[in-house]
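Student: I should like to go through the aromatic side chains and their surroundings in this model, one question at a time. May we begin once the structure is on display?

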Amino acid sequence: MYILKAYPVDIIQSYVKLLASKNTKTPWEVQDIILDGMHQSYSYGTASKSRAKLKLSPLLPIYTKTGTGVFAENGNIDIRRTNGFFVGVYNLEYLVFVGAKDATGSGQASYIGLTVLTNFIRVKEKEEEDKL
């Protein structure tokens, strides 16, 4: 069995590069396809269950990626257990990463991540209102 090791910082850096790809070699068409898929994940895919629980509109500019990885403890891999993760991006500017150790899929991480993004959106909206 081959295992690809990726640490949270690796995942975060990958998404930061994707979002900043305007000035890199990533063609815009590729970025658009990836971001469309991430928005579909938020609106109708894996993260949509958490979105519905939080009563969030599927039209918000939120992009998500969810996933799972094998669980390891003390260097021993247990393929019957998983770690879940969630990457959420709001308005193509703000990113949140949540990892859930020994989780059953990515649902728990999605719910926590979307809760963080929702609270952040509310704070940003309040700041904008206060400026008026």
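Student: Over the ring of which residue does the charged end of Arg81 sit?

Tutor: The model is a predicted one. In it, the charged end of Arg81 is placed 3.9 Å from the centre of an aromatic ring and sits over that ring. The ring belongs to Phe71.

Student: How far is the charged end of Arg51 from the centre of the ring of Tyr42?

Tutor: Arg51 provides a further case of a charge over a ring, here the ring of Tyr42. The distance from the charged end to the ring centre is 6.0 Å.

Student: How many aromatic pairs does the structure hold?

Tutor: One of them joins Phe85 and Phe97, and another joins Tyr94 and Phe120. The total for the structure is three.

Student: Is the pair of Phe85 and Phe97 stacked or tilted?

Tutor: The ring centres of Phe85 and Phe97 are 6.3 Å apart, and their planes differ by 15°. Planes under 30 degrees apart count as stacked. The pair of Phe85 and Phe97 is therefore stacked.

Student: Why does this pair tie together parts that are twelve residues apart in sequence?

Tutor: Phe85, which counts as buried at 18% relative accessibility, lies in strand β2, residues 76–90. Its partner Phe97 lies in another strand, so the pair ties β2 to strand β3, residues 94–103.

Student: Which helix does the pair of Tyr94 and Phe120 link to strand β3?

Tutor: This pair is tilted, with 4.5 Å between centres and 55° between planes. Tyr94 is partly exposed at 28%, and Phe120 is likewise partly exposed at 26%. Tyr94 belongs to strand β3, while Phe120, 26 residues away in the chain, belongs to helix α4.

Student: Which residue forms one aromatic cluster with Tyr94 and Phe120?

Tutor: The cluster contains both members of the tilted pair, Tyr94 and Phe120. The further member is Tyr90.

Student: Is Phe86 buried or exposed?

Tutor: Phe86 is found in strand β2. Its contacts beyond four places in sequence include Phe97, Val98, Gly113 and Leu114. Since its relative accessibility is 0% and the cut-off is under 20%, Phe86 counts as buried.

Student: How far apart in space are Phe86 and Lys65?

Tutor: Lys65 is among the residues that Phe86 touches. The two are 21 residues apart in sequence. From C-alpha to C-alpha, Phe86 and Lys65 are separated by 5.8 Å.

Notes. Residues numbered from 1 in each chain as written. Predicted model: local features only at pLDDT ≥ 70, side-chain atom pairs only at ≥ 80, totals over all residues. Heavy atoms only, no water. Phe/Tyr/Trp six-rings, centres within 6.5 Å; stacked < 30°, edge-to-face > 60°. Helix = DSSP H or I, 4+ residues; strand = E, 2+ residues; numbered from the N terminus. Buried < 20%, exposed > 50% of the residue type's maximum accessible area, 1.4 Å probe, protein only. Lys NZ or Arg CZ within 6 Å of the ring centre and 35° of its normal. Contact = heavy atoms within 4.5 Å.
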